[in-house]
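Me: Could you help me look through this structure? I'd like to go through a few spots one at a time.

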Amino acid sequence: MKKSIVITLAFIFISQFLNDQQSVDKVVAVIGNEAIQYSDVEEERLRAKAEGMSIEGDPRRKMLENIMVQKLLVAQAKRDSLSVDLSNAESMVERQYKFYLSNFGSDQMIESYFQKPIDKLRAELLEMAIENVYAQTMMRTITEKIKVTPREVEKYFKQIPKDSLPQIPDQYV
């Protein structure tokens, strides 16, 4: 009897300890058929920090916005069946890897910082480079026929009464 109580208590303590150490990833946005997870936002924040980017305001919010815009552009590019040139995506990955290597000094330090093996990091960088090419191609397609100046945009928005603009609250996780 006493042994079973000790075993039960030990099991409860161990399971509680394991539960405390596990972090559950959650979906923070869905764009098209792709879910954006909290871990994606964190990885993007880590990359930006590793590249020395300074981000005003809430960095997670900014990273989420960037990822969402990127995913929207990629989804639209694929929906429109845009032809893209992926030939330089591999060289983009190599440049990025060399940048990390020059900043961190070794593969072990890179792996430690990103908490993943170099091969997995390179695969993720390649996926991001391909998405970047799709997003940039879509952005060029959208903006190539626009001939509006910043002054015209400012003038347009200044003529709209402030009480006519809707108040949209922040809806970020």
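Me: Is Tyr156 buried, partly exposed or exposed?
Reply: In this predicted model, Tyr156 has a relative accessibility of 45%, so it counts as partly exposed, because that class lies between the 20% limit for buried and the 50% limit for exposed.

Me: And what about Phe157, buried or exposed or in between?
Reply: Phe157 also counts as partly exposed, with a relative accessibility of 49%.

Me: How many aromatic pairs are there?
Reply: The structure holds 7 aromatic pairs. One of them joins Tyr156 and Phe157 edge-to-face, with 5.1 Å from centre to centre and 80° between the planes. Another edge-to-face pair is formed by Tyr113 and Phe114, whose centres are 5.0 Å apart and whose planes stand at 90°.

Me: Which residues are in the cluster of ring pairs?
Reply: Phe99, Tyr100, Phe104, Tyr113 and Phe114 are linked into a cluster by ring pairs. Of these, Phe114 is buried, because its relative accessible area is 8% and the cut-off is under 20%.

Me: New topic: which residues line the largest cavity?
Reply: Phe114 turns up again there, together with Glu43, Leu46, Arg47, Lys116, Leu121 and Glu124. The cavity holds about 30 Å³ of space, and by class its lining has 3 nonpolar, no polar and 4 charged residues.

Me: Which helix gives the largest share of that lining?
Reply: Helix H2 does, with 3 residues, while H2 (38–50) and H6 (118–143) each supply at least two.

Me: Last one: what sits over the ring of Tyr97?
Reply: The charged end of Arg122 does, at 4.1 Å from the ring centre, and Lys78 lies over the face of Tyr134, at 5.4 Å from that ring's centre.

Methods. Residues numbered from 1 in each chain as written. Predicted model: local features only at pLDDT ≥ 70, side-chain atom pairs only at ≥ 80, totals over all residues. Heavy atoms only, no water. 1 Å grid on protein atoms, 1.4 Å probe; cavity = no way out; pocket = protein on both sides within 12 Å on 5 of 7 lines; lining within 4 Å. Points joined across faces, edges and corners; volume = space filled by probe spheres on them. Helix = DSSP H or I, 4+ residues; strand = E, 2+ residues; numbered from the N terminus. Nonpolar A, V, L, I, M, F, W, Y, C, P; charged D, E, K, R; others polar. Phe/Tyr/Trp six-rings, centres within 6.5 Å; stacked < 30°, edge-to-face > 60°. Buried < 20%, exposed > 50% of the residue type's maximum accessible area, 1.4 Å probe, protein only. Lys NZ or Arg CZ within 6 Å of the ring centre and 35° of its normal.
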